[in-house]
Amino acid sequence: MANVTVIGAQWGDEGKGKIVDWLASRADAVVRFQGGHNAGHTLVVGNQTYKLSLLPSGIVRGTLSIIGNGVVLDPWALKAEIEKLTAQGVEITVENFAIADNCALILPVHRDLDALRETAAGSGKIGTTGRGIGPAYEDKVGRRAIRLCDLAHLDAMEPQLDRLCAHHDALRAGFGEPPIDRAELIAQLSEIAPFVLRFAQPVWKRLKKVRKAGARILFEGAQGVLLDVDHGTYPFVTSSNTVSGTAASGSGLGPGSTGFVLGIVKAYTTRVGSGPFPTELDDETGQKLGERGHEFGTVTGRKRRCGWFDAVLVRQSCAISGVTGIALTKLDVLDGFDKVKICTGYRLNGKVLDYLPSHSADQAAVEPIYEEMEGWRETTAGARSYGDLPAQAIKYIQRVQELIETPVALVSTSPEREDTILVRDPFVD
């Protein structure tokens, strides 16, 4: 059977939650493979709304849900999220939920460092969520992380604590903070360990068994390609690789397992936090897009910056991530605009570019080149076939796929799962 990898092809917040929920209802396993609880997916199922940060979207429907080794895990945040969903009637057990035992943990010291750095950065702020994700990835790469499997060996952690504290105590001293209280940290870990360890296992082994049985696996990405630590708008990025290739390394399955790569793309563009945004609209149109699209972050509640669709960025994201087809979301937000615009290129120092340059100063300096199209007055909300769409909306979709050089597989016309136009089924070989 075919597997599907879902990634965001912009700066995140593309509406992945609904699409992943729709796909998860047909999958046998859903896997998160990168990021932390800085990512947020909102699922609307009937009259119930679920807000997820760490848990894979399949958990709401009882589908086997797995947190892969590429994720950095805050065990306290996980516990709070599980308790919240349990109160909403979601059953989470060792039968339908597992965590890679080699996941690196997010510790209180990571949250402290994240906040201290952002406060001290002034105009150089990255715009992190302050949840410790970046510092946790640093410790993972620096080989001083405490991993989930370590919680079963808390009485033998002195060498690891020596490495961890040697690094963090020096940083904390620079900020005028006291050193890590080792006894308190061990006490905190001892308290949370029984709760989280019951879900720990070598998930690569479980996934191998699932795949061997011919089951459908859905790999669920977080954030978006433009926030990738290598390919995004560095340094205004997240601390993990968000591209589709990470599904293999972040889950323990090989590169041949990722299957159909579905890029989620909003019909306009949004961004949360700092960093370049070539098509940003700091005017009434941008405000209208934000209000109509309810553009506030699922995790942080921060207002999103809004702008016209940027075909240059999406084309680049699709190429880098090997996107097979896109899911175009929130088309209905563009209903009622007399004119709609699409960015087709950039001007920089007298030259025309068909890509986003790597240097942050160049990224901030590019000027968008727009193509203007007629808008549509009719509503697209709730459409479930191309026949339900206004002619100009269809022309807009067709122009988008021409410019990004990637076909449209799905069109989403509301937060409701059923309001989806299926052009190509990602789960069909």
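A disulfide is a pair of cysteine sulfur atoms within 2.5 Å. The exercises below apply this cut-off and others to a predicted model.

**Exercise 1. Find out why C318 forms no disulfide, and state whether this residue is buried or exposed.**

Solution. Begin with the distance: the closest cysteine sulfur to that of C318 belongs to C343, and the two are 15 Å apart, which is too far for a bond. Then turn to the surroundings of the residue, where a relative accessible area of 4% is found for C318. Because buried means under 20% relative accessible area, C318 counts as buried.

**Exercise 2. Determine how many disulfides a search of the whole structure finds, and then examine C149.**

Solution. The search of the whole structure gives zero disulfides. C149 agrees with this, since it is in no disulfide and the nearest cysteine sulfur, that of C103, lies 9.6 Å away. As for accessibility, the value for C149 is 25%, so this residue counts as partly exposed.

**Exercise 3. Describe the open sheet of 10 strands, giving the strand order and the edge strands.**

Solution. First write down the order, which is β9-β7-β5-β2-β10-β1-β11-β15-β19-β20, and note that the pairing in this open sheet is mixed. Next look for strands that pair on one side only: these edge strands are β9, at residues 200-201, and β20, at residues 420-422. Finally, take one pair as an example: β2 (residues 29-32) and β5 (residues 64-67) run in the parallel sense and are joined over four bridges. Within this pair, A29 has L64 of β5 as its bridge partner.

**Exercise 4. Work out which strands helix α1 lies across, and at what angle it runs to β1.**

Solution. Helix α1 covers residues 16-24, and the strands that it lies across are β1, β2, β10, β11, β15, β19 and β20. The angle between α1 and β1 (residues 4-8) is about 175°.

**Exercise 5. Decide how compact the chain is for a globular protein of its length.**

Solution. Start with the elements, of which the chain has 12 helices and 20 strands. The radius of gyration is 22 Å, close to the 22 Å that the globule rule gives for 429 residues, so the chain is as compact as a globular protein of that length. Along the principal axes, the C-alpha atoms fill a box of roughly 65 × 50 × 35 Å. Buried residues make up 55% of the 429 residues, and, of the contacts with a separation of 6 or more, 76% are between residues 24 or more positions apart. To complete the picture, the accessible surface of the chain is about 17,300 Å², and carbon and sulfur atoms account for 50% of it.

Terms used:
Residues are numbered from 1 along each chain as its sequence is written. This is a predicted model: local features need pLDDT of at least 70, side-chain atom pairs count only at pLDDT 80 or more; totals for chains, interfaces and linings use all residues. Side-chain values use heavy atoms; hydrogens and water are left out. Buried means under 20% relative accessible area, exposed over 50%, partly exposed in between (1.4 Å probe, protein chains only). Two strands pair if DSSP finds at least two bridges between them. Helices (H or I, at least four residues) and strands (E, at least two) are DSSP runs, numbered from the N terminus. Contact means heavy atoms within 4.5 Å. Axes are lines fitted to C-alpha atoms, for helices over the stretch in contact, and angles run from 0 to 180 degrees between N-to-C directions. The radius of gyration is taken over C-alpha atoms; the globule rule is 2.2 Å times the number of residues to the power 0.38. Accessible areas come from the Shrake-Rupley method with a 1.4 Å probe; for residues, only the protein chains shown count as cover.
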